[in-house]
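Please walk me through this structure in the viewer, one selection at a time. I want to know what to pick next and what is there.

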Amino acid sequence: MVTELNYQEHIFPGTREQLVAKLEQALKPHRFRHVLRVEQTAIQLATANQVDVEKASIAGLVHDYAKQRPDEDFIAAIQRYHLDPMLLDYGNAIWHGVVGAELIKHELQIFDEDVLNAVRHHTTGAVYMSPLEQVIYMADYIEPKRDFPGVDEARKVTAADLAKGVAFQAKQTLQYLVTNGKPVYPKSIDTYNAWISRWL
Ligand SMILES: [Fe+2]
Ligand SMILES: [Fe+2]
């Protein structure tokens, strides 16, 4: 069942339909469909965990807003908004969250810090994550079309305990990066260390 909310909290200056239209413009069809699924999963997790459902809808929709922007846009934004220059050493996978949040602020006029942090942290996680941040981090990982070894376990763990889901994903992601010889963003290691005690 698809939930279509009437936005009432003035977090985004417009209706859900208007926000959905912005995403459809910003993204290729396959990515657009992914954000719709993440939104629906986020609404379900929010409902189950007493998290603000309107924020879950907005954050779910915008979490990948910047995913298909060219590198130059991110590099320009890192300089314009005086973000950590260390970010320049990374790429789209990190930028679309951390830098994407700045683009969302300035282009979509969404200033709610909980929503923006949910976008910032949706790829790497963070040591401290609000319930909304946890909802988006997990919704992106377990939305219905996700298909990887362990996804059913991830869904089960998350349904039983949201924070344990976070720990599960942090562990799986770190394992995947190391196994495949990919660089690990320091924050991902911090996330793992902070959350793993919840899983054990
Ligand atoms: Fe993403
Ligand atoms: Fe995503």
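Select Gln109 in this predicted model: the residue sits just after helix α6 and takes a positive phi of about 55°.

Step back to α6 itself, residues 100–108. Seven of its nine residues are buried, so the helix is largely enclosed by the rest of the structure. To see which ones, colour Gly100, Ala101, Glu102, Leu103, Ile104, Lys105 and Leu108. Then display what covers them, including α1 (16–26), α3 (53–62), α4 (71–80), α5 (92–98) and α7 (113–120).

Next, pick the iron ion (ligand 1). Which residues coordinate the iron ion (ligand 1)? Asp64 does so through OD, and His96 and His122 each through NE2, at 2.1 to 2.2 Å. Along the chain these donors follow the spacing D-x31-H-x25-H. Add the iron ion (ligand 2), which is 3.5 Å from the iron ion (ligand 1); Asp64 coordinates both. Asp64 lies in the loop between α3 and α4, and His122 in the loop between α7 and α8 (131–142), so select both loops to see how the pair links distant parts of the chain, 58 residues apart. Asp64 and His122 are both buried.

Finally, turn to the largest nonpolar core, which has 61 residues. Leu19, Leu23, Val62, Leu87 and Ile110 touch the most other members. Helix α8 gives the most to this core, with eight residues. Centre on Leu19 and show its contacts: leaving aside residues up to four places away in sequence, Leu19 touches Tyr7, Phe12, Ile58, Leu61, Val62 and Leu108. Of these, Leu108 is also one of the buried residues of α6.

How values were computed:
Residues numbered from 1 in each chain as written. Chains lettered and ligands numbered in written order. Predicted model: local features only at pLDDT ≥ 70, side-chain atom pairs only at ≥ 80, totals over all residues. Heavy atoms only, no water. Buried < 20%, exposed > 50% of the residue type's maximum accessible area, 1.4 Å probe, protein only. Helix = DSSP H or I, 4+ residues; strand = E, 2+ residues; numbered from the N terminus. Contact = heavy atoms within 4.5 Å. Donors = N, O, S within 2.8 Å, 3.2 Å for Na, K, Ca; no water. Core = buried A, V, L, I, M, F, W, Y, C linked by side-chain atoms within 4.5 Å.
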